[in-house]
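Student: Got a minute to go through this one with me? I'd like to start at the surface and work inwards.

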Amino acid sequence: MNSITPATSLSQTLLNFAPRENKELRQGLETIHATGKALMDFVQSYRQYTHIPQPDPAFIDLQEFTERMVNLAKHQFPCPDIRFSIHISPADLILYADEKLISQVVINILKNAIQALDDQADGEIKITAHIDQAETITLIISNNGPLIPDEVAENIFVPFFTTRSDGSGIGLSISRHIMKLSGGNLALNTDKENQLTHFILTFH
């Protein structure tokens, strides 16, 4: 970053002074600037992936937490046509985890779901949670948007894999990494019969 940042900045400065009639010079500077910017974005993404702090767990009211995450997602990614529903069983279910880290996971999955639904008229996102006899808590975030193709589903947790032109490809890989650090797991389940995509967070 110490090398790329000043070179990228300098190319932008020189571009401001380059004569407009000298197209070859301007194209060269634009290429240098764009390449430097892409490298900076990559390094920043890599830093995010490799510098996740160790979890500092505490007790979380899951009903209140999920409601807050939905409100936050609606604010960050406006989606007036999408219906949200939350069902936590039991209603007073408590999760022991690092709220800051788990927030990143849930918000990222909600963002992806909102983007998948796009302008779909009947778009719906459901959040459910339950606890089993082994005291494993399962949190499921589902949406009825277009299903993820099998060849994409195989790679969605691979760092830097993305199908979006504006995506970094680290959101889901970071999310799974956080879940594993938290002693749990993140998995994808595609329900082709009901046309639903489920992201399943398990906390052991």
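Student: Which residues make the nonpolar surface patch of about 370 Å²?
Tutor: Phe59, Ile94 and Tyr96 make that patch. Keep in mind that this is a predicted model.

Student: Where does Tyr96 lie?
Tutor: In strand 3, which covers residues 94–97.

Student: OK, pockets. How much space lies in the largest pocket?
Tutor: About 1000 Å³. The lining of this pocket counts 40 residues, and Asn108, Asn112, Gln115, Arg164 and Leu172 are the closest to the centre.

Student: Which element gives the most to that lining?
Tutor: Helix 4, with 12 residues. Helix 4 spans 99–117.

Student: And which elements each supply at least two residues?
Tutor: Helix 4, helix 6 (171–181) and strand 7 each do.

Student: What's the lining like by class?
Tutor: There are 20 nonpolar residues, 17 polar ones and 3 charged ones.

Student: Back to strand 7. In what sense does strand 7 pair with strand 6, parallel or antiparallel?
Tutor: Antiparallel, over 8 bridges. Strand 6 runs through residues 184–191, and strand 7 through residues 196–203.

Student: Give me one bridge. What is the partner of Gly184 in strand 7?
Tutor: Phe203 is the bridge partner of Gly184.

Student: How many residues sit between strand 6 and strand 7 in the hairpin?
Tutor: The hairpin has 4 residues between the two strands.

Student: Which residue in the turn has a positive phi?
Tutor: Gln195, with phi at about 55°.

Key: Residues are numbered from 1 along each chain as its sequence is written. This is a predicted model: local features need pLDDT of at least 70, side-chain atom pairs count only at pLDDT 80 or more; totals for chains, interfaces and linings use all residues. Side-chain values use heavy atoms; hydrogens and water are left out. Two strands pair if DSSP finds at least two bridges between them. On a 1 Å grid over the protein atoms alone, a cavity is a set of points where a 1.4 Å probe fits but cannot get out, and a pocket is an open set with protein on both sides within 12 Å along at least five of seven lines; lining residues have an atom within 4 Å of a point. Grid points are joined across faces, edges and corners, and a volume is the space filled by probe spheres set on the points. Ala, Val, Leu, Ile, Met, Phe, Trp, Tyr, Cys and Pro count as nonpolar, Asp, Glu, Lys and Arg as charged, and the others, Gly among them, as polar. Patches are made of residues with over 30% relative accessible area and no salt bridge: like charges are joined within 9 Å, nonpolar side chains (Val, Leu, Ile, Met, Phe, Trp, Tyr) within 5 Å. Accessible areas come from the Shrake-Rupley method with a 1.4 Å probe; for residues, only the protein chains shown count as cover. A salt bridge is a side-chain nitrogen of Lys or Arg within 4 Å of a carboxyl oxygen of Asp or Glu.
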